[in-house]
Amino acid sequence: MIQSVLLSQGGGIAISSQIRNRNLSKIGVRADSRRKGLMPEGLGFCIGARKAVSELKSSVEMANLRTGMFRSRDRSRYVAAQASSDDLEDVPSDKIQTNSSGSVFPYVGVACLGAILFGYHLGVVNGALEYLAKDLSIAENTVLQGWVVSSTLAGATVGSFTGGSLADKLGRTKTFILDAIPLALGTFLSGTAQDVRSMIIGRLLAGIGIGISSALVPLYISEISPTEIRGTLGTINQLFICIGILLALVAGLPLAQNPNWWRNMFNIAVIPSILMAIGMAFSPESPRWLFQQGKIAQAEAAVKRLYGKDKVAEVMHDLRSSSQNSSEPDASWLDLFSKRYWKVVSVGAALFLFQQFAGINAVVYYSTSVFRNAGIASDVAASALVAASNVFGTLIASTLMDKKGRKSLLITSFTGMAVSMLLLSLSFSWKALSSYSGTLAVIGTVLYVLSFSLGAGPVPALLLPEIFSSRIRAKAVALSLGMHWVSNFVIGLYFLSVVTKFGISRVYFGFGAVCILAVLYIYNNVVETKGRSLEEIERALSISA
């Protein structure tokens, strides 16, 4: 592999034509930065790269012999890798040779049970609300029905803020285990509720659980994933959220024949909560958290378990290099608003604000009526089409995340969403298109959901743990997710009032304008993180700050 000399830049791959300013003074070698022929052009560049690395390694070994300084190959040989921000960073040359022999996939799968529950709890009430309202005698009380729905969002807001502090104090895996308590208890209370009070309490507890997992799942996945597939694995979080929504839809199919089935819809969600707790009891802790706590031996054991013993020296070197610049304790909540961190924290909060105010929940909410106007009378069919579009787009995003990069996918996504919103707005307002309005509205809705799932949906939760330094990572991710839940709650509370006052066409046009603003903001403020370890990103951002 020649990953350390293939450097991510924007959405593509850039190959340095020279290895500049290679400073190996620690071992007494000064390489000629103007040596020719290191990077032949055309089809032979891979061979040239291998030759350059081989020559550099030979020079290092000869220098070691001349100076009598024998050092471990894992820590003494470096090549200069140029990051996309044009700053040079020392990277162990063994990254070129060593592949992960461990496997993170089982542990990512366990963590994604939290993502499934996230999607399931958001979607389960949509099909069950009509039936539970009759059973709990609130069919005529829309206010209480609203509380049944929105209490989950309120709980998620609380959970997202507390999840960061718990993850910092207890560790990632123990917080997962603790998170299973409100998830299982809240689900059980909802499924066995005999009055609306018990239902709201159960939904509130479940909301706290999914709020914690919404911050914890992407954080844990990003910290245990190998650099070369971190984008793909990070996208799995969004994919499993979509799968959770689909499962909630499927779970509601028997409702038409059995009105009391809604209780089973809630109760079956206890099973993945318990499985998540059991799975996390056998999963390795985040090596980065262990290292930050000074538990070096445990961090090395976790790295060995995740990636194999051949990667231990390399990963530990990255962790030590990252910690050289700072030996400070975990940041407080107030530190997030300091001049030192506010710029990067504001990027995280802004991405989630743009995500929500771009209108995703409004489009999903109105999809049923849109499809009915187009002749699709089945609510289940309409919801299934939207959910399937979301899953399909997320699958595409997972294959592109580590190829095209996070920033380019965000720009493409919000651009597609802006075009879709314009199409939806015109379909509702332009009389010349009235005969095609139903078809155009369906096309616009599906195109919007596809565009959203390509970038605006999965990227923010993946990108934030990457750009936040280890000192603030857990709390900054929690704060950003808190903005997500607060904005989600506000939109749900005032959306219908705004539509009543201004009309759906103007509201959709406003969402399109937000998407355009998002494109401009992302272009000027978001950094590309593809192909770089969390420690490399942290060092680069600390240098540019």
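**Entry 1: around helix 4**

I began where helix 4 ends: Gly 171 follows it, with a positive phi near 100°. I note here that the model is predicted.

Next I went back to the start of helix 4. There a side-chain oxygen of Asn 141 comes to within 3.2 Å of the backbone nitrogen of Val 143.

I then checked the length of helix 4. It has 29 residues, and at 1.5 Å a residue they should span 42 Å. I found its end C-alpha atoms 41 Å apart, which agrees.

Where is the kink in helix 4 centred? I located it at Val 149, with an angle of about 35°.

I also looked up Gly 159, which lies in helix 4. Is Gly 159 buried or exposed? I recorded a relative accessible area of 0%; the cut-off for buried is under 20%, so Gly 159 counts as buried. Its C-alpha atom is 8.8 Å from that of Ala 215, although 56 residues separate the two along the chain.

**Entry 2: helix 3 and the loop after it**

I moved to the loop between helix 3 and helix 4, where Ser 137 is found. Its phi is positive, about 60°, although Ser 137 is not a glycine. Most residues other than glycine have a negative phi. I put the relative accessible area of Ser 137 at 66%; exposed means over 50%, so Ser 137 is exposed.

In helix 3 (residues 105–135) I picked out Glu 130. Its relative accessible area is 48%, and I noted it as partly exposed. Which residue did I pair with Glu 130? I took Pro 259, 129 residues away along the chain; the two C-alpha atoms are separated by 9.4 Å.

**Entry 3: helix 6**

I turned to helix 6, residues 196–224. Its 29 residues should span 42 Å at 1.5 Å each, and I have its end C-alpha atoms at 41 Å apart, which agrees.

At the start of helix 6, I found a side-chain oxygen of Asp 195 within 3.1 Å of the backbone nitrogen of Arg 197. Further along, helix 6 has a kink of about 25° at Leu 216. The proline Pro 218 comes shortly after that kink.

How many residues of helix 6 are buried? I wrote down 22 of 29, so helix 6 is mostly covered.

**Entry 4: a cavity**

I looked for cavities of 30 Å³ or more and noted two. I followed up the second largest, which holds about 40 Å³ of space.

Which residues line it? My list runs Gly 163, Gly 164, Ala 167, Thr 175, Ile 212, Ala 215, Leu 216, Leu 219, Ala 474 and Val 477. Leu 216, where helix 6 has its kink, is one of this lining. Ala 215, the partner I noted for Gly 159, is also among these residues.

I sorted the lining by helix. Helix 4 (142–170), helix 6 and helix 19 (473–502) each give at least two residues. Helix 6 has the largest share, with four.

I sorted it by type as well. Seven lining residues are nonpolar, three are polar and none is charged.

**Entry 5: helix 20**

Last, I looked at helix 20, residues 504–525. At 1.5 Å a residue, its 22 residues should span 32 Å; I have 31 Å between the end C-alpha atoms, which agrees.

I listed the buried residues of helix 20, among them Ile 504, Tyr 508, Phe 511, Gly 512, Cys 515 and Ile 522.

Conventions:
Residues are numbered from 1 along each chain as its sequence is written. This is a predicted model: local features need pLDDT of at least 70, side-chain atom pairs count only at pLDDT 80 or more; totals for chains, interfaces and linings use all residues. Side-chain values use heavy atoms; hydrogens and water are left out. The expected span of a helix is 1.5 Å times one less than its number of residues. The bend at a residue is the angle between axes fitted to the seven residues ending there and the seven starting there. Buried means under 20% relative accessible area, exposed over 50%, partly exposed in between (1.4 Å probe, protein chains only). A polar contact is a pair of N or O atoms within 3.5 Å; within protein, one must be able to donate a hydrogen and the other to accept it, and residues adjacent in sequence count only if both atoms are side-chain atoms. On a 1 Å grid over the protein atoms alone, a cavity is a set of points where a 1.4 Å probe fits but cannot get out, and a pocket is an open set with protein on both sides within 12 Å along at least five of seven lines; lining residues have an atom within 4 Å of a point. Grid points are joined across faces, edges and corners, and a volume is the space filled by probe spheres set on the points. Ala, Val, Leu, Ile, Met, Phe, Trp, Tyr, Cys and Pro count as nonpolar, Asp, Glu, Lys and Arg as charged, and the others, Gly among them, as polar.
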